[in-house]
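Biologist: I have a model open and want its labels explained. Can you take me through them, one by one?

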Amino acid sequence: EVWRGLFRAPDIGTVSLQCAYLGGTGDLAALIGPVPVQVKGTVRLEKLEPFLEELRSKSRSRTVTLGIMRCATTATREEEEAAGDMIRHYATKSRTGVFHPHPGQERSLEGYLVPRSALAARLVKTARLSTPPHLIHTWTLGPNIGEDELLAVLIHRKE
């Protein structure tokens, strides 16, 4: 676990989540930040995929860092239910939550909460393939994220 905190989502409420590092060059804790994060809305998964592909193939200034989000181990029963509602909502609607963790930096940092999907599986595979050989033994994740997890996709400037 590299980050723990609150997300606020429209129609769902406040969700207590924790995040484990999956891949990329960014510092997830610093990218997400210490304050409660407001989910601004949603985007269809089918729209996010070509955007991420274009970013990968054409961008020289931005990159992606990935994390696995799940309900925090310290969450109350109410927070656990809200987390489950959020994950099911994104999964059943084939949508991703959109967030900007640092107000005022929307142009340089954006995030997406991606449910278990073909897109999540592709991103997990890419992360696994880019993991240095001496660290591959640390992987415990299968070919996709769990049904009770979200893939945090943070797009940020290359360092």
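The talk below goes through the labels and the cut-offs behind them.

Modeller: Some ground rules. This is a predicted model, where local features need pLDDT of at least 70, side-chain atom pairs count only at pLDDT 80 or more, and totals for chains, interfaces and linings use all residues. Residues are numbered from 1 along each chain as its sequence is written, and side-chain values use heavy atoms, with hydrogens and water left out.

Biologist: What makes Trp3 and Phe7 an edge-to-face pair?

Modeller: Rings of Phe, Tyr and Trp (its six-membered ring) pair if their centres lie within 6.5 Å; planes under 30 degrees apart are stacked, over 60 edge-to-face, the rest tilted. Trp3 and Phe7 sit 5.7 Å apart, centre to centre, with 80° between the planes. Both tests are passed, so the pair is edge-to-face. Trp3 and Phe7 also form one aromatic cluster with Phe99.

Biologist: Why is Trp3 called buried?

Modeller: Buried means under 20% relative accessible area, exposed over 50%, partly exposed in between (1.4 Å probe, protein chains only). Trp3 has 6%, so the label is buried. Phe7 has 0% and is buried too.

Biologist: And why does His156 count as buried?

Modeller: His156 has 3% relative accessibility, which is under 20%, so the label is buried. His156 belongs to strand β7, residues 149-157 (strands are DSSP runs of E, at least two residues; helices are runs of H or I, at least four; numbering starts at the N terminus). Eight of the nine residues of β7 are buried, so this strand is largely enclosed by the rest of the structure.

Biologist: How do you know that His156 makes a polar contact with Thr65?

Modeller: The term needs a pair of N or O atoms within 3.5 Å; within protein, one must be able to donate a hydrogen and the other to accept it, and residues adjacent in sequence count only if both atoms are side-chain atoms. The side chains of His156 and Thr65 come to 2.7 Å, so the distance is within the limit.

Biologist: What makes β4 and β7 a pair?

Modeller: Two strands pair if DSSP finds at least two bridges between them. β4 and β7 have nine, in the antiparallel sense, so they qualify. One of the bridges joins Leu66 to Val153 in β7. β6 and β7 pair in the antiparallel sense over six bridges, and Tyr112 stands opposite Val153.

Biologist: In what order do the strands close into a barrel?

Modeller: Seven strands close in the order β1-β2-β4-β7-β6-β5-β3, with mixed pairing.
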